[in-house]
Amino acid sequence: STMSSEPSEACVSVDFEVFGRVQGVCFRMYTEAEGKKLGLSGWVKNTRQGTVVGQVQGPAEKVKE
């Protein structure tokens, strides 16, 4: 395999927490599915406090999306 000399897009890692009415509406599953569609890595889970927390990693533009 040959490494490209093209500059690669910067990868970022973002921690997030979503507040509001998010449980009971499949928000965690939706978030996971959207991340997979964008080719991102990470995790997402519901908390006992009624929020959703997670971490997402990937190219900056895809994470922003």
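In strand β3, the bridge partner of W43 is Q55. That pair is a good place to enter this predicted model. Residues are numbered from 1 along each chain as its sequence is written. Because the model is predicted, local features need pLDDT of at least 70, side-chain atom pairs count only at pLDDT 80 or more, and totals for chains, interfaces and linings use all residues, while side-chain values use heavy atoms and leave out hydrogens and water.

Start with the strands. Strands here are DSSP runs of E with at least two residues, helices are runs of H or I with at least four, and both are numbered from the N terminus. Two strands pair if DSSP finds at least two bridges between them. Strands of a sheet pair through backbone hydrogen bonds, either parallel or antiparallel.

Strand β2 covers residues 41-46 and strand β3 covers residues 52-59. Six bridges join them in the antiparallel sense. They form a hairpin with five residues between them. In its turn, G50 has a positive phi of about 90°.

Now add β1. Eight bridges join β1 to β3, again antiparallel. Here F16 stands opposite G54 in β3. The result is an open sheet of three strands, in the order β1-β3-β2. The edge strands are β1 (11-18) and β2, and each pairs on one side only. From one strand to the next, the twist averages 15°.

Next comes the helix. α1 spans residues 27-37. This helix lies across β1, β2 and β3, and runs at about 175° to β2. Such angles run from 0 to 180 degrees between N-to-C directions, with axes fitted to C-alpha atoms, for helices over the stretch in contact.

Which residues does the "active site" annotation cover? The unreviewed UniProt entry names R28 and N46. They span 19 residues in sequence, yet no two of their C-alpha atoms are more than 6.9 Å apart, so they gather at one spot. UniProt annotations may be inferred rather than shown by experiment. R28 lies in α1, and N46 lies in β2. Leaving aside neighbours within four places in sequence, R28 is in contact (heavy atoms within 4.5 Å) with V44, K45 and N46.

Are these residues buried or exposed? Buried means under 20% relative accessible area, exposed over 50%, and partly exposed in between (1.4 Å probe, protein chains only). R28 is at 27%, so it counts as partly exposed. N46 is partly exposed too, at 38%.

Last, the cysteines. C11 is exposed at 62%, and C26 is partly exposed at 48%. The structure holds zero disulfides (pairs of cysteine sulfur atoms within 2.5 Å).
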